[in-house]
Each structure stands twice: as C-alpha cells, then as structure tokens.
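Please examine the sequence and the model shown below. The paragraphs that follow lead from a loop to a pocket, a surface patch and the overall fold.

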Amino acid sequence: MAPHHLPFYLAPGSGTDTLMVVMGVFLIGTLLWVGTLYWKLHSLPERMAHKSQKLQFEFVAVLGLISLFTHMHIFWVAGLLLALIDIPDFGTPLRSIADSVEKIADAAPGEGAEAPSATPPPTDRPDIARKEHSHA
C-alpha cells in the first residue's frame, strides 16, 4: 500500500533509516570536535604560562581548574591575564643578596675580610685630624 516513490528522508520498509545513521555519526563527530576545541581553549592560559616561572604556572593552572569545576568564567579570565603578563623575577637577586650577606656575616676576622678596628686610622695630614665634624 506504500507509494513507490518515497522521499529520500523517509525510511524504507526494511527498517534501516539511512538519514538517522548519517546524522548520528555527524552528531558524534561534531561533539568530539567541539569537545576538543573546548579543551584546547580551556587550557590556553596554562599553555601560555608554561614558558614562565613555576609559581606563575601553578597559579594559572589552579585558576583554570577552579573555573572548570565552578563554571565561573572570571577565574579563567584571571588565569589568562596572569599568563599574559610577565612577572619580574625578584627571587633570584634577593637570594643572591642574602647569600652574599650570609657569607659576609660568617666570615671570620682575618680570612679575607678586613676586621674593623676600634681606633681610627692614623692621619698623615694634621689639618684633617683637627677638622670638626658637624652632627647636623
């Protein structure tokens, strides 16, 4: 009783709907593609901060995880901005200064560092010795 010339989008009498199978494969492929695109976009701040310091990278990674689980996009934006700026390295110069001060403090008198004497050094010029010092 069915007409002989059915449109292509209707299933034939055998029960296999070709259009539904094609759309199912297309839907699965599209979901995989969009999911991959989403993960690449979501990990963008972490990939940008990977070249920077370890502490900055960890902050960006934590902000990315927080934004992923809370669905609050402000954390992702904060991570992206933190990944974009270059935080100066204050640790290395301060560590060098601390090491130098520690070496100076640990140096025993007479081991390369001149020990300060309690008496002022003798002056060869009499006019310098008699010069008054201002306390202002």
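Where does His 71 lie? His 71 is found in the loop between α3 and α4; helices (H or I, at least four residues) and strands (E, at least two) are DSSP runs, numbered from the N terminus. This is a predicted model, in which local features need pLDDT of at least 70 and side-chain atom pairs count only at pLDDT 80 or more, while totals for chains, interfaces and linings use all residues. Residues are numbered from 1 along each chain as its sequence is written, and side-chain values use heavy atoms, with hydrogens and water left out.

The phi angle of His 71 is near 60°, a positive value in a residue other than glycine. With a relative accessible area of 61%, His 71 is exposed, where buried means under 20%, exposed over 50% and partly exposed in between (1.4 Å probe, protein chains only). Met 72 belongs to the loop between α3 (54-70) and α4 (73-84) and is partly exposed, at 44%.

His 71 also helps to line the largest pocket, together with Tyr 38, Leu 41, His 42, Ser 67, Leu 68, His 73 and Trp 76. On a 1 Å grid over the protein atoms alone, a pocket is an open set of points where a 1.4 Å probe fits, with protein on both sides within 12 Å along at least five of seven lines; lining residues have an atom within 4 Å of a point. About 160 Å³ of space lies in this pocket, the volume being the space filled by probe spheres set on the points, which are joined across faces, edges and corners. At least two lining residues come from each of α1 (18-42), α3 and α4, and α1 gives the most, with three.

Met 72 joins Ile 74, Val 77, Leu 81, Leu 84, Ile 85 and Ile 87 in a nonpolar surface patch with about 640 Å² of accessible area together. Such a patch takes residues with over 30% relative accessible area and no salt bridge, nonpolar side chains (Val, Leu, Ile, Met, Phe, Trp, Tyr) being joined within 5 Å; a salt bridge is a side-chain nitrogen of Lys or Arg within 4 Å of a carboxyl oxygen of Asp or Glu. Areas come from the Shrake-Rupley method with a 1.4 Å probe.

Helix α4 also contains Ala 83, which is buried at 11% relative accessible area. The protein chain has six helices and zero strands.

Notes
Patch = residues over 30% accessible without salt bridge, like charges linked within 9 Å, V, L, I, M, F, W, Y side chains within 5 Å.
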